[in-house]
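Here are some notes from going through this model, set out point by point. Have it open while you read.

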Amino acid sequence: MRDQATSLRELRANFDKIVTKQKAESTQDFLGKIKRESPLSAHILIYPDSLQASYPDIEGWLPQLSKNTNNIYLWDQANLIQKRILTKKNQDELPFPVMPKQVEMLDMTGKTDSECFTFLKNISQALDKQREVWITVNSIDLPYYSYLLKAANSLYIMLPEHNDSIIKGYEIVKNIFGLNLNSSIYLLEFSLKPFLTESNITTRIKNVAKQFLGIDLSNAGVVLSTNRYIPPINEGEFSGHKTTEDSSNSDFMYAFSENIVNLRLGTH
């Protein structure tokens, strides 16, 4: 005759199987509802926050970098632009909409399935009508955002005119290189001068990355203190400003969601 302990163990095992199956199905159902090959492209601006450098107002130079003012949607995950702009100006006065930092992104593994799906649905709803999202990220937070970096179309490492820009810039390159990204990586310089002068920051980082990591980085140009954006001399190597109308469609939202799901399942 079977004892009660054995029956309880079997009951628990069967329950666990059912729960596991339901979770797997709910995950697939959720991902299956996400629109694939949407016209939304995603570009990440990485701030080397430890340098304590200042940058020209982003509402002045980002439209020039993008060349698509009407399509820009700014996701201020670095929480730097938000504090400077939104406390001084009305959102309606900005040339593009801004989404504030989503704090929960720093610990997605601690969320339940329901919390995770609710978060992703909210992000998907916010980006549903957008064509081009630019996401600001602090370099110190990069270890938390592997799922975001892997989903993006392009990454921009922001290099201020600073004595440690070369060291910090290369450190960021090494950190993201280990993620095996498919994204294009660009170096975007910022000058304290109102006119263009010769700089070797980008060149030195590109040379070191090629020598020690075997990767080719691209030059995205320079932003002057006057907020004027100067594209690289060889614009052929820089395609990050192209819109999705000029390129293939993107799977950003699906890849972003799938990467988070895999991260939480321990398969990322």
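**Notes on the fold**

1. Let me start with Leu142, which counts as buried at 5% relative accessibility. Keep in mind throughout that this is a predicted model. Leu142 sits in the loop between β4 and α5 (146-151), so it is a loop residue that falls under the 20% cut-off for buried. What does Leu142 touch, once its neighbours within four places in sequence are set aside? The list is Ile46, Val137, Leu149, Ile172 and Ile176. There is also a C-alpha pair to look at here: Leu142 and Asn175 are 33 residues apart along the chain, yet their C-alpha atoms are separated by 7.9 Å.

2. Now the sheet. In what order do the 8 strands come? Reading across, it goes β3-β2-β4-β1-β5-β6-β7-β8, as an open sheet with mixed pairing. The edges are β3 and β8 (229-230), each of which pairs on one side only.

3. Take β2 (residues 72-75) next. Its side chains split two ways: Ile72 and Leu74 point to one side, Tyr73 and Trp75 to the other, and all are buried. On one hand β2 pairs with β4 (residues 132-138), parallel, over 4 bridges, and there Leu74 stands opposite Trp134. On the other hand β2 is joined to β3 (residues 98-99) by 2 bridges, again in the parallel sense. In that pairing, Trp75 has Met99 of β3 as its bridge partner.

4. How many of the residues of β5 are buried? It is 7 of 7. Ser154, Tyr156, Met158 and Pro160 point one way from the strand, while Leu155, Ile157 and Leu159 point the other way. If you are checking the core, this strand is a good place to click through residue by residue.

5. Staying with β5 (residues 154-160), its pairing with β1 (residues 41-47) is parallel and runs over 4 bridges. Two of the partners are easy to pick out: Ile44 is matched with Leu155 of β5, and His43 with Ser154. β5 also runs parallel to β6, and 7 bridges join them. There, Pro160 has Phe190 of β6 as its bridge partner.

6. On to the helices that lie on the sheet. α2 lies across β1, β2, β4, β5, β6 (184-190), β7 (218-223) and β8, and runs at about 130° to β2. α6 packs on the sheet too, touching β1, β5 and β6, with its direction at about 160° to that of β5.

7. A closer look at α2 (residues 58-66): this helix is mostly covered, with 7 of its 9 residues buried. Those are Ile58, Glu59, Trp61, Leu62, Pro63, Leu65 and Ser66. Note that Glu59 and Ser66 are on that list along with Trp61 and Leu62. Just after the helix, Lys67 takes a positive phi of about 65°, so have a look at the backbone there. 

8. At what angle do α6 (residues 165-177) and α7 (residues 201-212) cross? It is roughly 40°, and their axes come within 10 Å. That angle makes α6 oblique to α7. The crossing is right-handed. From α6, the contact uses Ser165, Ile166, Gly169, Tyr170 and Val173; from α7 it uses Ile201, Arg204, Ile205, Val208, Ala209 and Phe212. Sorted by type, the residues of this contact are 8 nonpolar, 2 polar and 1 charged.

9. The spacing of those contact residues brings a general point to mind. An α-helix has 3.6 residues a turn, so residues three or four places apart point the same way.

10. Last, Thr202. Its place is in α7. Is Thr202 buried or exposed? Buried: its relative accessible area is 5%, and the cut-off for buried is under 20%. Apart from neighbours within four places in sequence, Thr202 is in contact with Leu159, Leu187, Glu189 and Asn219. One of these, Leu159, already came up in point 4 among the residues of β5.

Conventions
Residues numbered from 1 in each chain as written. Predicted model: local features only at pLDDT ≥ 70, side-chain atom pairs only at ≥ 80, totals over all residues. Heavy atoms only, no water. Buried < 20%, exposed > 50% of the residue type's maximum accessible area, 1.4 Å probe, protein only. Axes fitted to C-alpha atoms, helices over the stretch in contact; angles between N-to-C directions. Parallel < 35°, antiparallel > 145°, perpendicular 65-115°, else oblique. Left-handed = near helix turned anticlockwise from the far one by under 90°. Contact = heavy atoms within 4.5 Å. Nonpolar A, V, L, I, M, F, W, Y, C, P; charged D, E, K, R; others polar. Pairing = 2+ DSSP bridges.
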